[in-house]
Amino acid sequence: MTKPITYLSLILWSFLPFLLDAQDPDRIKQEITATTAGQSMKIDGVLDEEAWRNAEIATDFTDETPTPNIPSDRKTEVRVLYDNASIYVGAVLYEAKDSILRQLCLRDESGQRFRGPFGNTNTDWFAVVLDNYMDGVNGVVFSVSAAGVQFDLKFSSQGPDKNWDAVWKSDVKLHDDKWVVEMEIPYSALRFPTADEQTWHINFSRVVRSKRAQSWWSPIDPNIDGLLNQSGLLKGIKDVKSPVRLQATPYLATTIEHYRHKGGDPSSRLGRSFTGGMDIKYGLNDAFTLDMTLIPNFGDVAQDDQILNLSAFEVRFDENRPFFTEGTELFNKGRLFYSRRVGGRPINFYDTYDELGDDEIITSNPIETPLINAMKLSGRTNNGLGIGVFNGITQKTFAELQDTITGATRKIETSPVVNYNVLVFDQNLKNNSFVSFINANTMRFGDDYDANSTGVVFGLNNKKRTFNINGSAKMSQIYSKSTATEGGIDADLGYAYNLSASKTGGKWQYGGFYNVESDNFNPNDLGFLRSPNERSTGVFLDFNQFEPFGAFNRAGGSVSMDYSMLHNPGYYNSFSMNLNTFWITKKFFSFGGWTNFAPIKGRDYFEPRQDDGFETYLEIPEYYAFGTWVSSDYRKKFAYDIRTRYVYTTQDNRYDIGGMISPRFRFSDQLFMVWTTNYDYESNNVGFVSYDDDNESIIGIRDVSTVVNSLNANYIFNDVMGVTLDLRHYWSKVNYESYHLLDGLGRLTDSDFDGSGNLSYNAFTIDMIYRWRFAPGSDLVFVWKNAIFTADDENTRINYFDNFKLFGDFPQTNTFNLKVVYFLDYYTIKSKLAQRKKM
């Protein structure tokens with residue numbers, strides 16, 4: 001194993017001169033000075049206040065796309081004002097009225113990444129980017145589309161977070177030769193250092209969607225890594241202080257849930273609930289904010305996209321609960337905090353089935369633990385030290401069992417009270433570098449074990465932002481209470497570390513990595529790791545052609561190689577190579593392809609699911625995978641995406657074929673729809689089925705067919721009101737051809753297993769949401785959810801349409817939730833009361 005380490009050492013050594021390079025001076029930054037407002041400002045999209053006429057103008061924008069580093073052919077003028085409460089941005093964006101695209105979407109809903117926040121929506125837009133601490137890593141974005149829809153996000157070393165939601169004002173006015181944006185960004189939405197005069201990083205961007213062109217006031221060079229570090233400077237804001245930041249969003253919610261049992265069984269039931277609670281934000285000082293949620297209600301959160309999981313690993317679902325998605329960038333460092341653990345499945349959920357008596361049935365076994373409350377404390381000092389503290393508490397959870405003869409019931413505790421805690425220190429360094437310390441702790445009240453994970457993560461850049469080194473070191477501890485000696489602690493310790501180096505700037509980029517995870521590294525009580533026990537290394541080479549050439553606006557490609565083995569024992573696992581390419585034409589038709597191949601047989605030590613020190617494994621044949629994709633121009637009313645995939649293996653008749661087609665229809669600026677169909681067929685797939693009487697793994701050869709259809713439709717009434725519909729049907733069926741045991745070389749041998757692993761699984765969900773933002777930060781939300789989840793071993797030979805006909809007999813749940821949230825801001829209320837007294 002010395003060779004991978006030696007190779008990585010050579011890579012790091014070759015990068016060292018670049019990381020130490022301090023000869024390149026900072027480029028001259030654009031500057032704009034804010035002017036005092038001097039009067040009460042009305043946010044109406046009309047720049048008629050006297051202060052706007054006297055303000056300094058930022059103009060002469062530079063294109064980033066489609067041709068980088070050339071002057072924009074669209075005139076743009078931006079002005080900045082300020083007073084004791086807010087900064088104000090006024091932008092005049094010149095464009096013929098007929099060329100200004102104004103498709104509507106819900107607030108933040110269509111954001112993908114910031115370099116195109118309304119990337120899936122056909123609209124022009126304007127944005128302000130602020131980096132108040134000038135560290136080039138942490139910043140915020142406030143953007144408005146030509147239809148008046150707001151979009152905001154936060155930047156950190158983890159990347160852009162569009163779940164961040166601030167309360168600010170904006171308005172748009174359309175003219176024959178231009179459109180005008182007026183924005184008010186209150187200081188309560190920002191965090192900034194204490195100083196007599198503020199100097200911030202700032203940038204302005206606009207997109208002319210009809211030309212697919214994006215331009216910036218302070219030029220963004222795609223050859224340079226990073227966005228905030230290429231910003232200009234905002235000066236002139238004097239004698240301002242962060243206001244008292246006390247905000248509350250109380251809510252009231254009512255829920256009706258109807259469960260219909262299979263075939264209309266009379267055991268169907270109807271449930272109702274009425275709840276209330278509150279989220280609170282309190283600014284402890286200029287930089288630190290305390291967030292709390294009391295008696296939360298997540299009835300308006302979208303359902304998970306459930307799948308049939310045949311693998312040995314856990315499925316990772318996205319976090320959709322607002323409290324856990326907004327402002328959590330500090331806590332996500334090091335992948336030691338996976339917020340779905342808080343309020344997730346009870347730790348002893350499956351023990352209920354082991355404790356069932358002969359005549360008992362389970363009448364209730366909750367799959368989630370109720371959240372009592374949670375809090376976040378986060379902020380950053382003037383010296384660039386970010387501090388984050390998270391704490392959440394979940395209550396006890398019980399399963400209920402009933403004796404079918406006597407009717408007697410009893411309860412089994414499936415989860416004790418649990419306290420989850422995360423502590424983070426994140427220090428900004430020169431050249432947009434950072435180093436972070438993270439500790440994630442899970443403490444259970446009772447006999448169940450406790451867990452703790454600790455990590456250090458760092459990222460170092462050279463001054464030009466063209467080379468970097470990233471790394472981490474982590475340790476996990478599992479503290480068993482039941483096996484600990486009196487007065488002692490029985491701790492299972494695991495560790496992980498990784499190091500990578502890469503060239504991140506220019507057309508040619510390359511790098512390598514080395515990663516180690518011990519066999520007992522387990523951060524999963526509060527973090528997420530699919531599998532431990534890994535030692536892997538790899539290298540990559542990328543090429544990007546940013547400037548247009550011939551018939552193309554942009555093109556690129558990459559090649560990479562990866563090698564992995566077990567950490568303990570040091571057995572070989574896999575080796576693979578990957579190539580891909582993409583091309584974007586000047587008519588914005590995109591296409592590309594990829595290939596992934598493993599010329600050497602691999603070994604899967606997890607699929608047999610044996611606890612024998614990884615001595616048992618399943619041999620993986622050599623394979624060669626190919627794929628293509630095309631994507632048409634989204635500016636057109638009808639557009640589409642198509643994907644294809646084929647995997648060939650050296651095992652007899654074992655292959656995988658699949659594809660996706662996704663047409664998109666824009667009926668008007670208000671009505672938009674996307675239909676997506678995914679199909680995958682795996683012939684002679686090999687995987688775990690069960691255990692025999694000797695606890696040997698039964699491995700099956702099976703055909704797996706999966707079809708996923710989804711419909712995403714939006715009807716948007718205006719910039720603050722709309723209806724979204726997400727419908728998804730997932731169907732997967734598994735048919736086994738034969739069953740086998742494993743020999744000592746991971747190959748299949750005969751078995752007399754007479755069971756059956758055939759399975760058909762349906763997951764059908766509907767999420768329809770009406771949302772009305774009737775006041776800043778205040779929403780009325782009505783949600784209808786329909787859910788059908790069913791698995792059986794009887795309908796595995798039928799086709800897709802015959803399966804669909806069975807839906808009337810499947811059990812289903814319908815949930816209706818009405819929620820009203822009202823935003824209260826102490827500073828705003830205080831200011832209004834003061835104005836009334838003057839009157």
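**Exercise 1. Find the helix that holds Y826 and decide how Y826 is classed by accessibility.**

Step 1. Y826 belongs to helix α6, which covers residues 826–838. The model used here is a predicted one.

Step 2. The relative accessibility of Y826 is 36%. Partly exposed is the class between under 20% and over 50%, so Y826 counts as partly exposed.

Step 3. Y826 also contributes to a nonpolar surface patch of about 420 Å², together with V244, L246, Y282 and L284.

**Exercise 2. Describe the surroundings of I32.**

Step 1. Locate the residue: I32 sits in strand β1, residues 31–33.

Step 2. Class the residue: with a relative accessibility of 0%, I32 counts as buried, because buried means under 20%.

Step 3. List what it meets. Leaving out residues up to four places away in sequence, I32 touches E56, I57, A58, V78, V80, I202, W217, L233, L234 and K235.

Step 4. Take one of these contacts, E56. I32 and E56 are 24 residues apart along the chain, and their C-alpha atoms are separated by 6.9 Å.

**Exercise 3. Work out the strand order of the open sheet that contains β4, and name its edges.**

Step 1. The sheet has 5 strands in the order β2-β4-β5-β11-β10, and the pairing is mixed.

Step 2. The edge strands, each pairing on one side only, are β2 (35–36) and β10 (169–174).

Step 3. Inside the order, β4 and β5 pair in the antiparallel sense over 7 bridges. V80 stands opposite V89 in β5.

**Exercise 4. Identify the largest nonpolar core and the elements that build it.**

Step 1. This core has 38 residues, and F126, F142, M183 and F204 have the most contacts inside it.

Step 2. Two or more residues each come from β4 (76–82), β5 (86–94), β6 (125–131), β7 (139–145), β11 (178–186), β12 (197–208) and β14 (232–238).

Step 3. Follow M183. Not counting residues up to four places away in sequence, its contacts include I43, I87, V89, F126, F142 and W168.

Step 4. Another core, of 19 residues, lies apart from M183's core; among its members are F323, V424, F434 and I438.

**Exercise 5. State how covered strand β28 is and how it pairs.**

Step 1. Strand β28 spans residues 508–517 and is mostly covered, with 7 of its 10 residues buried.

Step 2. Its antiparallel pairing with strand β29 (residues 534–545) runs over 10 bridges.

Step 3. One bridge can be named by residue: E517 has E534 of β29 as its partner.

Notes: Residues are numbered from 1 along each chain as its sequence is written. This is a predicted model: local features need pLDDT of at least 70, side-chain atom pairs count only at pLDDT 80 or more; totals for chains, interfaces and linings use all residues. Side-chain values use heavy atoms; hydrogens and water are left out. A nonpolar core is a set of buried Ala, Val, Leu, Ile, Met, Phe, Trp, Tyr and Cys residues joined through side-chain atoms within 4.5 Å. Buried means under 20% relative accessible area, exposed over 50%, partly exposed in between (1.4 Å probe, protein chains only). Helices (H or I, at least four residues) and strands (E, at least two) are DSSP runs, numbered from the N terminus. Contact means heavy atoms within 4.5 Å. Two strands pair if DSSP finds at least two bridges between them. Patches are made of residues with over 30% relative accessible area and no salt bridge: like charges are joined within 9 Å, nonpolar side chains (Val, Leu, Ile, Met, Phe, Trp, Tyr) within 5 Å. Accessible areas come from the Shrake-Rupley method with a 1.4 Å probe; for residues, only the protein chains shown count as cover. A salt bridge is a side-chain nitrogen of Lys or Arg within 4 Å of a carboxyl oxygen of Asp or Glu.
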